[in-house]
Amino acid sequence: MSDCLFCKIAAGQIPADKIFEDDCALVFRDISPQAPTHLLAIPKKHYPSVHEIPPDEVGTLLGKLMTAVTTALRKTDLDKNGYRLVVNSGEIAGQTVPHLHIHVLGGRSLAWPPG
Ligand code: 5GP
Ligand code: ZN
């Protein structure tokens, strides 16, 4: 999508502090971190949220996205120290960028339940 912020980041049109990238996914640092380590993992293909991925693409797309997340967890040492993965979907859940993304948060203690 030409007017989507994360599509522009995926296409290299807007700079980002990248942690990992392959042909399907990109992991980069959030511009407004809510924890000492706050990453965003996105598929390069535009879908607003998980439930909008066509059923025949869900396994491959999310599999590749989670593979990128696991690589980023190892690169940032969150695998050793603990972390939280979050997907906000829709305005009610606080989603502000309508391109599917997994928040990866770590480096501090995280309260539960979330607000
Ligand atoms: P959401 O609120 O949709 O779950 O998460 C969107 C996230 O994108 C927010 O945490 C916000 O800080 C981050 N964000 C917004 N604009 C940019 C940007 O231009 N670059 C980066 N790296 N992160 C952004
Ligand atoms: Zn997009």
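**View 1. Strands S4 and S5 pair in this predicted model****.** The two strands run antiparallel and share three bridges. Look for Leu-85, which stands opposite Val-104 in S5. S4 covers residues 84–86, and S5 covers residues 102–106.

**View 2. S5 also pairs with strand S3****.** Five bridges join S3 to S5. Here too the strands run antiparallel. S3 spans residues 37–43. One place to look is Thr-37, which stands opposite Gly-106 in S5.

**View 3. Strand S5 is largely enclosed by the rest of the structure****.** How many residues of S5 are buried? Five of the five are, so the strand is largely enclosed. In a regular strand, side chains alternate between the two faces of the sheet. Both faces of S5 are covered. On one side sit Ile-102, Val-104 and Gly-106. On the other sit His-103 and Leu-105. Every one of these residues is buried.

**View 4. Four protein residues hold donor atoms for the zinc ion, ligand 2****.** Which atoms are the donors? Cys-4 and Cys-7 each offer SG, while His-46 and His-99 each offer ND1. These atoms lie 2.0 to 2.3 Å from the zinc ion. Along the sequence, the donor residues follow the spacing C-x2-C-x38-H-x52-H. The two histidines link distant parts of the chain, 53 residues apart. His-46 belongs to the loop between strand S3 and helix H2. His-99 belongs to the loop between strands S4 and S5.

**View 5. The zinc site has a tetrahedral arrangement****.** Why tetrahedral? The four donor atoms subtend angles of 105 to 116° around the zinc ion, which makes the arrangement tetrahedral. For comparison, the ideal angle for four tetrahedral donors is 109.5 degrees. Now check the two histidines. Are they buried or exposed? His-46 has 17% relative accessibility, so this residue counts as buried. His-99 is buried too, with a relative accessible area of 0%. The cut-off for buried is under 20%.

**View 6. Ligand 1 has 16 residues around it****.** Which come nearest? They are Arg-29, Asp-30, Asn-88, Thr-96 and His-103. Some polar atoms can be picked out one by one. A backbone N or O atom of Arg-29 lies 2.9 Å from a nitrogen atom of ligand 1. The side chain of Asn-88 has an N or O atom 2.9 Å from an oxygen atom of the ligand. The side chain of His-101 likewise places an N or O atom 2.9 Å from a ligand oxygen. How much of ligand 1 does the protein bury? Taken alone, the ligand exposes 520 Å², and the protein buries 83% of that.

**View 7. Strands S1 and S2 form a hairpin****.** Three residues lie between the two strands. S1 holds residues 18–21, and S2 holds residues 25–29. They pair in the antiparallel sense over three bridges. Lys-18 has Phe-28 in S2 as its bridge partner.

**View 8. Lys-75 of helix H2 reaches the backbone of Ile-19****.** H2 runs from residue 55 to residue 75. The side chain of Lys-75 comes to 3.0 Å from the backbone oxygen of Ile-19. Is Lys-75 buried or exposed? At 55% relative accessibility, Lys-75 counts as exposed, because exposed means over 50%. Now compare its position with Ile-102. The C-alpha atoms of Lys-75 and Ile-102 are separated by 16 Å. Along the chain, these two residues are 27 residues apart.

Key: Residues are numbered from 1 along each chain as its sequence is written. Chains are lettered from A and ligands numbered from 1 in the order in which they are written. This is a predicted model: local features need pLDDT of at least 70, side-chain atom pairs count only at pLDDT 80 or more; totals for chains, interfaces and linings use all residues. Side-chain values use heavy atoms; hydrogens and water are left out. Donors are N, O and S atoms within 2.8 Å of the metal (3.2 Å for Na, K and Ca); water is not among the atoms, so sites may look incomplete. Four donors count as tetrahedral if all angles lie between 85 and 135 degrees; four count as square planar and six as octahedral if opposite donors are over 155 degrees apart and all others between 65 and 115; anything else is irregular. Helices (H or I, at least four residues) and strands (E, at least two) are DSSP runs, numbered from the N terminus. Buried means under 20% relative accessible area, exposed over 50%, partly exposed in between (1.4 Å probe, protein chains only). A residue is near a molecule or strand if one of its heavy atoms lies within 4 Å of it. A polar contact is a pair of N or O atoms within 3.5 Å; within protein, one must be able to donate a hydrogen and the other to accept it, and residues adjacent in sequence count only if both atoms are side-chain atoms. Accessible areas come from the Shrake-Rupley method with a 1.4 Å probe; for residues, only the protein chains shown count as cover. Two strands pair if DSSP finds at least two bridges between them.
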